[in-house]
Amino acid sequence: ASPLLTLPGGTWIDPCAGSGRIPSTVNAMRADVAWLLVEINPDHRPALMTITRAADVLLPFGDFVHRPWSHDRADVLIMNPPFSHAHDFVRAALARARVVLMLQRQGWFGTQERSPWLRAHCPDVFTLPKRPSFTPDGGTDSAEYAWFHWPADGHDRREGRVAVLDAPRGGQRDLFASTT
């Protein structure tokens with residue numbers, strides 16, 4: 001089966017890197033990515049230092065959305081931002097990367113407040129068939145999750161694709177596939 005989405009190598013940003021779960025997952029599947037890692041909480045430094053490779057850059061700890069940005073436009077930005085700040089993260093991300101992926105509750109898509117913006121910037125939606133865990137004990141919440149995807153040539157569009165991913169590991173492989 002062909003991947004649902006093929007992402008380019010190059011410079012990738014994780015603007016809310018936390019302990020580095022997203023970069024670690026991508027790094028396990030690809031060697032053609034150099035990271036710009038951003039995190040607001042300096043308590044995550046030890047974990048992020050264990051996953052960085054020679055070409056990666058851990059930016060000074062601070063707010064991704066409001067910080068001055070002097071870096072070139074990245075090839076991919078991939079994130080799992082806090083729900084209440086996700087819209088601000090997406091708008092900043094679209095200005096800083098060609099391709100943007102956001103892991104978020106599906107409920108983020110259904111809102112009167114964001115609907116005018118989403119009608120003009122509609123993402124692809126790749127639904128996860130199994131709820132992910134964000135806790136050390138493996139527990140999940142009651143929300144359904146999806147990867148929201150704004151392609152390089154489709155930041156401004158009225159509609160997007162919808163797909164359901166395979167089991168979690170296979171689905172992530174489909175999304176993180178290399179172009180080579």
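1. In this predicted model, the charged end of Arg105 is placed over the ring of Phe83, at 5.0 Å from its centre. A second arrangement of this kind involves Arg96, which lies over the face of Phe64 at 4.5 Å from the ring centre.

2. Phe64 also takes part in ring pairing, for which the count in this model comes to seven aromatic pairs. The ring centres of Phe64 and Phe89 are 5.9 Å apart and the planes meet at 15°, so this pair is stacked. The two residues come from distant parts of the chain, with Phe64 in the loop between E4 and strand E5 (74-79) and Phe89 in helix H3 (residues 86-96), 25 residues apart. Phe64 is buried at a relative accessible area of 1%, and Phe89 is buried as well, with a value of 10%.

3. The rings of Trp108 and Trp150 have another geometry: their centres are 6.3 Å apart and their planes stand at 85°, so the pair counts as edge-to-face. This pair, too, links distant parts of the chain, since Trp108 belongs to the loop between E6 and helix H4 (115-120) and Trp150 to strand E8, 42 residues apart. Both Trp108 and Trp150 are buried, and they belong to one aromatic cluster together with Phe109, Trp117 and Phe148.

4. Strand E8 deserves a point of its own. Six of the six residues of E8 (residues 145-150) are buried, so the strand is largely enclosed by the rest of the structure. Tyr145, Trp147 and His149 point one way from E8, whereas Ala146, Phe148 and Trp150 point the other way, and all of them are buried. This can be read against the general pattern, in which the side chains of a regular strand alternate between the two faces of the sheet.

5. As for the pairing of E8, strand E6 (residues 97-105) joins it in the antiparallel sense over six bridges, and within E8 it is Trp150 that stands opposite Val100. Strand E7 (residues 124-127) is likewise antiparallel to E8, over four bridges, and here the bridge partner of Val125 is Phe148.

6. Which side chains form polar contacts with the side chain of Asp124? Asp124 is found in strand E7, and its side chain is joined to that of His149 by a polar contact of 2.7 Å and to that of Arg157 by another of 2.7 Å. With a relative accessibility of 3%, Asp124 counts as buried, the cut-off being under 20%. Leaving aside residues up to four places away in sequence, Asp124 touches residues that include Trp147, Phe148, Pro151, Gly160 and Arg161.

7. A second buried aspartate, Asp56, has a relative accessible area of 11% and lies in the loop between helix H2 (45-51) and strand E4 (57-58). Its side chain reaches two backbone nitrogens, that of Arg53 at 2.7 Å and that of Trp35 at 2.9 Å. Although Asp56 and Trp35 are 21 residues apart along the chain, their C-alpha atoms are separated by 4.6 Å. Beyond four places in sequence, Asp56 touches Val33, Ala34, Trp35 and Ile51.

8. For the chain as a whole, there are five helices and ten strands, and 46% of the 180 residues count as buried. Among contacts with a separation of 6 or more, 60% are between residues 24 or more positions apart. The accessible surface comes to about 9200 Å², of which 52% belongs to carbon and sulfur atoms.

Definitions and conventions
Residues are numbered from 1 along each chain as its sequence is written. This is a predicted model: local features need pLDDT of at least 70, side-chain atom pairs count only at pLDDT 80 or more; totals for chains, interfaces and linings use all residues. Side-chain values use heavy atoms; hydrogens and water are left out. Buried means under 20% relative accessible area, exposed over 50%, partly exposed in between (1.4 Å probe, protein chains only). Contact means heavy atoms within 4.5 Å. A polar contact is a pair of N or O atoms within 3.5 Å; within protein, one must be able to donate a hydrogen and the other to accept it, and residues adjacent in sequence count only if both atoms are side-chain atoms. Accessible areas come from the Shrake-Rupley method with a 1.4 Å probe; for residues, only the protein chains shown count as cover. Two strands pair if DSSP finds at least two bridges between them. Rings of Phe, Tyr and Trp (its six-membered ring) pair if their centres lie within 6.5 Å; planes under 30 degrees apart count as stacked, over 60 as edge-to-face and the rest as tilted. A charge sits over a ring if NZ of Lys or CZ of Arg is within 6 Å of the ring centre and within 35 degrees of the ring normal.
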